[in-house]
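Reader: I am new to this structure. Could you walk me through it?

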Amino acid sequence: MHLKKIEMHGFKSFAEEVKVEFEPNITAVLGPNGSGKSNIADAIRWVLGEQSAKSLRGSKMEDVIFAGSSQRKPMGIAEVTLTLDNSNGQLPIDYNEVTLGRRVTRSGKSEYLINNSVCRLKDIEELIMGTGLGTEAYSIIGQGKVDEILSSKATERRLIFEEAAGITKHKQRKKEASRKLEKTEQDLNRVNDIIGELE
Ligand code: ATP
């Protein structure tokens, strides 16, 4: 799987619709300070479900929307779409090419999309779980991340290996199944109480 394309419109400094295409192998993005290189990495993390405005170098989520410049009015909506090559089937979805999108308006309306269909953040998280793409995974190594990994506790470092080994999604499913079992047990207890009252 590889990232083929990013399309950004109204995201941070990208007021105009900007399309960045990535060929396989290495792509380097060069530009002067403040020209928007890190904003591209922010756009990727944002689509993949980043919820922390601080991690995106803002103070609130609205800060991802183009705030205006001397020549241009602020925008009301930010939209980013990633196109992933899935010809190796790493993403559990029956398409060779998958698009993931996210948009947010100033009024706070927010939407996630898979292949242009509106979905939940959970659907995106489940789709990318175990592929290394998640916001907490290792596909984006930001400044300071290597130091952070080296100095983190063994249990925290283990999560990175678990993601690489594809275990995360099974752990998540186990957690959900345990939660459902617990709920069912409580429901059964309640039913038994009612039966006891009726007898
Ligand atoms: P450096 O090489 O210094 O790390 P860079 O190329 O990575 O720089 P970025 O940090 O990606 O640059 O971009 C910073 C620019 O993005 C700043 O000029 C900032 O004003 C602009 N910017 C960030 N958020 C917005 C926004 N919401 N609206 C308009 N411009 C924005």
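Reader: How far apart do the C-alpha centres of domain 1 and domain 2 lie?

Author: This is a predicted model, in which local features need pLDDT of at least 70, side-chain atom pairs count only at pLDDT 80 or more, and totals for chains, interfaces and linings use all residues. Residues are numbered from 1 along each chain as its sequence is written. Domain 1 covers 2–152 and domain 2 covers 167–199, with bounds from an automatic or database domain assignment. Between their C-alpha centres the distance is 37 Å.

Reader: Which strand supplies the largest share of the largest nonpolar core?

Author: Such a core is a set of buried Ala, Val, Leu, Ile, Met, Phe, Trp, Tyr and Cys residues joined through C-beta atoms within 7 Å, buried meaning that 20 or more other C-beta atoms, placed from the backbone, lie within 10 Å of a residue's own. The core here has 27 residues, and F11, A43, V47, V64 and V80 touch the most other members. At least two residues each come from β1, α1, β3, β4 and α2; helices (H or I, at least four residues) and strands (E, at least two) are DSSP runs, numbered from the N terminus. The largest share, four residues, belongs to β3.

Reader: How many bridges join β3 to β4?

Author: Strands pair if DSSP finds at least two bridges between them. β1 and β3 do so in the antiparallel sense over seven bridges, with H2 opposite D85 in β3. β3 and β4 also run antiparallel, and I77 has T105 in β4 as its bridge partner. The number of bridges joining β3 to β4 is nine.

Key
A residue is buried if 20 or more other C-beta atoms lie within 10 Å of its own, exposed if 12 or fewer, and partly exposed in between; C-beta atoms are placed from the backbone.
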